[in-house]
Amino acid sequence: MFSNNTQQQAEQKLILLHILHEFSIPLTNTQITEFVMEKDYINYFSLQQYLGELVSSHMLEYSASNNQYFYLLTEKGKNTLHYFKDRLSSDMVVSIQKSVDLKKQMLLKEMQITAEYTKRKENEYIVDLKVVESDITLIDLKLSVVTNKHAKQLCEKWKNEAPSLYGEIINLLIQ
């Protein structure tokens with residue numbers, strides 16, 4: 001009985017790691033809890049316990065940005081998931097991927113992503129990239145580039161990939 005319980009706990013932690021991996025963006029406790037509870041993957045109390053244990057074991061990072069706290073999957077978490085992912089059933093993996101895709105679309109609609117640029121002087125353009133969620137600015141990045149072409153490229157890339165780029169920036173800064 002004890003080994004079944006331990007095995008179930010390990011599987012549920014892998015489910016959590018896989019969920020965060022699939023989202024590939026920082027998530028708040030509320031966002032994770034709503035997602036997990038909607039799909040009935042893990043009960044609330046176990047979820048909170050596992051989140052704490054995964055942070056303690058450095059598989060997740062719990063960090064602040066603009067007075068909000070987010071969970072991020074660390075390299076150790078990614079490696080652990082890579083090594084043990086085969087312990088999750090293929091049905092579970094597919095279920096998580098489909099559910100994450102739907103939820104991600106909803107989260108992206110809640111996010112306001114802006115990218116614009118202005119010419120400051122000859123050969124200098126200021127690119128302003130933002131992600132705002134529920135009236136909270138998650139990131140406001142201003143960059144100086146030398147060509148109109150670069151400014152347009154940055155804006156396009158930001159509009160298409162802001163959530164994952166935001167996650168990568170956060171990961172780079174906390175390493």
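Which helices each supply at least two residues of the lining of the largest pocket? In this predicted model, they are helix H1 (2-23) and helix H4 (75-84). The largest pocket has a volume of about 220 Å³. H1 gives the most to its lining, with 6 residues. The full set of lining residues is Gln-7, Ala-10, Glu-11, Lys-13, Leu-14, Leu-17, Leu-54, Met-59, Thr-80, Phe-84 and Arg-87.

**Salt bridges**

One of the residues that line the pocket, Lys-13, also forms a salt bridge with Glu-53. The closest N and O atoms of Glu-53 and Lys-13 are 2.5 Å apart. Because Glu-53 belongs to helix H3 (residues 44-56) and Lys-13 to helix H1, this pair ties together parts that are 40 residues apart in sequence. Both partners count as partly exposed: Glu-53 has a relative accessibility of 31%, and Lys-13 has 22%.

The structure has a count of 8 salt bridges. Three of them, including the Glu-53 pair, are set out here.

| Salt bridge | Closest N and O atoms | Accessibility of the acid | Accessibility of the base |
|---|---|---|---|
| Glu-53 and Lys-13 | 2.5 Å | Glu-53: 31%, partly exposed | Lys-13: 22%, partly exposed |
| Glu-124 and Lys-121 | 3.9 Å | Glu-124: 14%, buried | Lys-121: 54%, exposed |
| Asp-140 and Lys-142 | 3.7 Å | Asp-140: 40%, partly exposed | Lys-142: 52%, exposed |

In the Glu-124 pair, the acid is buried because its relative accessible area of 14% is under 20%. Its partner Lys-121, at 54%, is exposed because that value is over 50%. The two residues also belong to a network of salt bridges that links Arg-120, Lys-121 and Glu-124.

**Helix H2 and the nonpolar patch**

Helix H2 spans residues 29-39. Its buried residues are Gln-31, Ile-32, Thr-33, Phe-35 and Val-36. Met-37 also lies in H2, but it counts as partly exposed at 37% relative accessibility. The helix is followed by Asp-40, whose phi is positive, near 60 degrees.

Which residues join Met-37 in a nonpolar patch on the surface? They are Tyr-44 and Phe-45, and the patch of three has about 340 Å² of accessible area together. Within this group, Tyr-44 is partly exposed with a relative accessible area of 38%, whereas Phe-45 is exposed at 67%.

**Aromatic pairs**

The structure holds 6 aromatic pairs. Tyr-44 and Phe-45 form one that is edge-to-face, with 5.3 Å centre to centre and 85 degrees between the planes. Tyr-62 and Tyr-69 form a pair as well, with ring centres 5.3 Å apart; here the planes are at 20 degrees, so the pair is stacked. A pair of aromatic rings is described by the distance of the centres and the angle of the planes. Tyr-62 is partly exposed at 38% relative accessible area, and Tyr-69 is partly exposed at 46%.

Phe-35, one of the buried residues of H2, takes part in an aromatic cluster with Phe-23 and Tyr-41. Helix H2 thus has Phe-35 among its buried residues, while Met-37 of the helix is part of the nonpolar patch on the surface.

Terms used
Residues numbered from 1 in each chain as written. Predicted model: local features only at pLDDT ≥ 70, side-chain atom pairs only at ≥ 80, totals over all residues. Heavy atoms only, no water. Patch = residues over 30% accessible without salt bridge, like charges linked within 9 Å, V, L, I, M, F, W, Y side chains within 5 Å. Areas by Shrake-Rupley, 256 points an atom, 1.4 Å probe, with all protein chains shown as cover. Salt bridge = Lys/Arg side-chain N within 4 Å of Asp/Glu carboxyl O. Helix = DSSP H or I, 4+ residues; strand = E, 2+ residues; numbered from the N terminus. Buried < 20%, exposed > 50% of the residue type's maximum accessible area, 1.4 Å probe, protein only. Phe/Tyr/Trp six-rings, centres within 6.5 Å; stacked < 30°, edge-to-face > 60°. 1 Å grid on protein atoms, 1.4 Å probe; cavity = no way out; pocket = protein on both sides within 12 Å on 5 of 7 lines; lining within 4 Å. Points joined across faces, edges and corners; volume = space filled by probe spheres on them.
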